Amino acid sequence: MTGGMPEVDRAAASRAAVAARRARAAVKSAVAAGERTALDVAETAWRDPASAESGLRVPELLGSLRGLGPARVAEVLTLLGIAPGKRVGGLGRHQRARLREWLRAREETPGRGRLVVLAGPTAVGKGTVAGYIRAHHPDVLLSVSATTRAPRPGEVDGVHYYFLDDAGFDDLIARDELLEWAQVHSAARYGTPRPPVEAALASGRSVLLEIDLQGARQVRAAMPDAVLVFLLPPSWEELVRRLIGRGTETPEEQARRLETARVELAAQDEFDELVVNDDVSRAAQEVVDLLAVPSGGARPSGRAGSAR
Ligand SMILES: Nc1nc2c(ncn2[C@@H]2O[C@H](COP(=O)(O)OP(=O)(O)O)[C@@H](O)[C@H]2O)c(=O)[nH]1
Ligand SMILES: Nc1ncnc2c1ncn2[C@@H]1O[C@H](COP(=O)(O)OP(=O)(O)O)[C@@H](O)[C@H]1O
């Protein structure tokens, strides 16, 4: 057999390709909007090889899920042993079984709360946004960290931090009672007590951790379901203004923190969601939306919705 398709067939084929692409986009939007579950899409693909669902690539399907940015999608693909170019309908039997099990596990944990990590450079407003959420959403547990730094005037033990000496902090580590911990700004140690977080999640309450980059990485490793949010300043100049405006650090300390901030900003791609803190209540609302336990694993706003 030689020669291409006749003109009319080629035109028809190209119309069909456009229609198929539109149909796949509609499937993705339905998952992103929570109208369909990803598991339902996959099952449809496997029942009907000619369906739009079947033609969807696996990363597109996963990327429509809430809290799954490109970095997390790549991790999940590796975990499931699925190449990035694979279409849902083209998966082998074992790959289908692994994807089905993974999607089912995601959908079957609505009784559990969601763990969201809020990180970002110094003075971007992590404390301010977390404080806003504490005040307006008492249903969310804002984890209280343990630290070896001295209390500042007005700080209350057990409210702002659990203030410990080095021996007390060592003891928590030895008893494996910290979900993560890190030495921050080369000064004090900070860590997240594990028991309150696990109890809250098990009871269906969502938990917000406001921790540094090293801690965020540890949480990702320990709790792969956690959603990692990176808070961004509207601009570098505004970040510098906020740090100086806060007036809680000496000029030398400010310079040191800005150095760290540059390194931290470079790590933003490791995060699932980017939220720009231009307006506190709006940024807080974006974080709260991510804390809401998904019904069926769909995400209300994606990475594309947060400015990059
Ligand atoms: N890894 C980790 N970092 C934390 C924890 N608690 C606070 N941090 C981080 O430690 C830093 C706090 O230092 P600082 O800016 O002096 O402000 P503070 O929040 O008033 O102590 C921030 O970067 C926090 O995100 C924690 O439990 N674990
Ligand atoms: N959206 C915002 N617009 C203007 N200023 C802000 C905003 N968010 C926080 N700030 C201010 O920026 C400074 C740093 O905020 P803070 O919450 O202490 O940062 P972080 O906890 O990230 O170090 C504070 O003076 C705070 O009032």
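**Two ligand shells and a helix pair**

Let me start with ligand 1, which is surrounded by 15 residues, the closest being Ser145, Ala182, Tyr190, Ile211 and Gly215. Please keep in mind throughout that what we are looking at is a predicted model. As for where this shell comes from in the fold, at least two of its residues are supplied by each of α7, β5 (178–183), β6 (189–193) and α10 (213–222). Sorted by class, the shell around ligand 1 holds 5 nonpolar, 6 polar and 4 charged residues.

Turning now to ligand 2, we find 14 residues around the ligand, and the closest of them are Gly125, Lys126, Gly127, Thr128 and Arg242. Two or more residues of this shell come from α7, which spans 126–136, and likewise from α11. You will recognise α7 from a moment ago, since this helix also gives at least two residues to the shell around ligand 1. The classes around ligand 2 come out as 3 nonpolar, 6 polar and 5 charged residues.

That brings me to α11 itself, and to the question of which residues make its contact with α12. Helix α11, residues 236–246, packs with helix α12, residues 251–265, at an angle of about 145°, and the two axes lie 11 Å apart. The crossing of α11 past α12 is right-handed. On the α11 side the contact is made by Leu239, Val240, Leu243 and Ile244, while α12 brings Gln254, Arg257, Leu258 and Ala261. By class, that contact consists of 6 nonpolar residues, 1 polar residue and 1 charged residue.

Technical notes: Residues numbered from 1 in each chain as written. Chains lettered and ligands numbered in written order. Predicted model: local features only at pLDDT ≥ 70, side-chain atom pairs only at ≥ 80, totals over all residues. Axes fitted to C-alpha atoms, helices over the stretch in contact; angles between N-to-C directions. Helix = DSSP H or I, 4+ residues; strand = E, 2+ residues; numbered from the N terminus. Left-handed = near helix turned anticlockwise from the far one by under 90°. Contact = placed C-beta atoms within 7 Å. Nonpolar A, V, L, I, M, F, W, Y, C, P; charged D, E, K, R; others polar. Near = placed C-beta within 6 Å.
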